[in-house]
Amino acid sequence: MLRVLAVDDEKPALEELLYLLRADSRIRSAEGATDATEALRRIGRALEAGPDGEDAIDVVFLDIHMAGLTGLDVARLLAGFARPPLIVFVTAHEGFAVQAFDLKAVDYVLKPVRRERLAEAVRRVRDLVVALREPQRTEQPAPAPETVQAAPGGGAEQIPVELGGVTRFVAVDDITYVEAQGDYARLHTAAGSHLVRIPLSALEERWASRGFVRIHRSHLVALGRIDELRLDAGATTVRVGDAELAVSRRHARQLRDLLLRHARG
């Protein structure tokens with residue numbers, strides 16, 4: 001059961017977020033703060049009380065754009081503590097994802113917040129909290145985020161991703177498409193997305209033999225995950241699950257040929 005602090009300087013947005021959080025059976029308590037100063041004061045009390053204290057906080061759902069200190073400022077301040085609460089950013093702006101994950105955010109949820117997407121963020125937080133509460137075990141060091149390795153025993157290829165300081169493994173076969181974000185790449189699966197420090201060009205070369213094709217300078221797609229190819233007024237798009245992705249002209253003909261061969265095969 002998670003103890004949550006939600007921070008947003010827009011009261012209607014804060015009330016909606018708190019309503020959704022309190023409706024989740026995995027949340028023990030959800031309190032709100034309308035600015036960074038109030039949030040830091042509450043977090044300070046929680047850190048003094050310790051993880052079993054009455055004021056303890058497991059996770060902060062944090063807006064980025066706020067008057068005064070921003071959510072990123074708050075996260076930087078918390079990074080200086082030995083055991084700060086986990087952080088999930090909740091924002092209307094996509095452009096801060098790289099900074100957010102550099103600050104060890106567990107997740108990055110875009111507004112308007114969908115119930116299903118928020119539930120996925122809560123699941124990730126809960127899994128991390130459970131892992132952190134378990135007795136520490138002696139393990140081999142986890143591979144760096146840039147490393148791709150096969151699962152033990154010759155199983156499916158996996159890629160390590162870091163969530164809140166914990167390394168997890170995502171099966172390459174579960175990835176539907178990859179989105180470039182500067183020197184980073186966002187891996188999209190049916191369950192959510194993960195940011196890794198790998199350029200899209202490196203993944204294109206590495207995963208060509210696994211059926212991933214470049215359709216745009218910003219997107220790499222698993223050929224077998226394409227549900228629909230659409231031509232409309234000279235523009236080409238593909239549908240991958242709920243996502244509709246543009247296909248650049250230079251890649252359109254090759255993609256059509258590959259899809260035809262894939263269908264025949």
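Me: In which sense do strand 4 and strand 5 (residues 107-110) pair, and over how many bridges?

Reply: They pair in the parallel sense, over 4 bridges. Keep in mind as we go that this is a predicted model. For a concrete spot to look at, find threonine 91, whose bridge partner in strand 5 is leucine 110. To get from strand 4 to strand 5 the chain passes through helix 4, and this β-α-β crossover is right-handed.

Me: What about strand 3 and strand 4: how do they run, and how many bridges join them?

Reply: Those two run parallel, joined by 4 bridges. Here you can use leucine 62 as your marker, since it stands opposite phenylalanine 89 in strand 4. Add helix 3 to the two strands and you have a right-handed β-α-β unit.

Me: Is strand 4 enclosed or open, and how many of its residues are buried?

Reply: A residue counts as buried when its relative accessible area is under 20%. In strand 4, 6 of the 6 residues are buried, so the rest of the structure largely encloses it. Look at the two sides in turn: Leu86, Val88 and Val90 point one way, Ile87, Phe89 and Thr91 the other, and all are buried.

Me: Now for helices. Which residues of helix 3 are buried, if I look at 71-78?

Reply: The general idea comes first: an α-helix has 3.6 residues a turn, so residues three or four places apart point the same way. In helix 3 the buried ones are Gly71, Leu72, Val74, Ala75 and Leu78. Looking down the helix axis, you'd see them fall within an arc of 160°, so they line one face of the helix. The cover over these buried residues includes helix 2 (36-49), strand 3 (59-62), strand 4 (86-91) and helix 4 (97-102).

Me: Where is glycine 44 placed?

Reply: That glycine is in helix 2. Glycine 44 has a relative accessible area of 26%, which means it is partly exposed. Its C-alpha atom is separated by 9.6 Å from that of alanine 56, 12 residues apart along the chain.

Me: What joins strand 10 to strand 11?

Reply: A hairpin does, through 2 residues. Strand 10 (residues 184-189) pairs with strand 11 in the antiparallel sense over 5 bridges. One place to check is histidine 188, with serine 193 as its bridge partner in strand 11. Strand 11 (residues 192-196) has 5 of its 5 residues buried, so it too is largely enclosed by the rest of the structure. Gly192, His194 and Val196 point one way from the strand, while Ser193 and Leu195 point the other way.

Me: How many aromatic pairs are there?

Reply: The count is 1. Tryptophan 207 and phenylalanine 212 have ring centres 5.1 Å apart and planes at 45°, so the pair is tilted. Both tryptophan 207 and phenylalanine 212 are buried.

Me: Last one: which elements of the chain have the lowest and the highest mean pLDDT?

Reply: The rule of thumb is that where pLDDT is low, the predicted coordinates should not be read in detail. Strand 6 (residues 149-150) has the lowest mean, 40, and strand 3 the highest, 96. Over residues 135-155 pLDDT stays under 50, and the model has 28 contacts beyond four places in sequence for that stretch. For the chain, the mean is 83, with 88% of residues reaching 70 or more.

How values were computed: Residues numbered from 1 in each chain as written. Predicted model: local features only at pLDDT ≥ 70, side-chain atom pairs only at ≥ 80, totals over all residues. Heavy atoms only, no water. Buried < 20%, exposed > 50% of the residue type's maximum accessible area, 1.4 Å probe, protein only. Arc of directions from axis to C-beta. Contact = heavy atoms within 4.5 Å. Phe/Tyr/Trp six-rings, centres within 6.5 Å; stacked < 30°, edge-to-face > 60°. Pairing = 2+ DSSP bridges. Right-handed = clockwise from strand over helix to strand, strands pointing away. pLDDT = per-residue confidence, 0-100.
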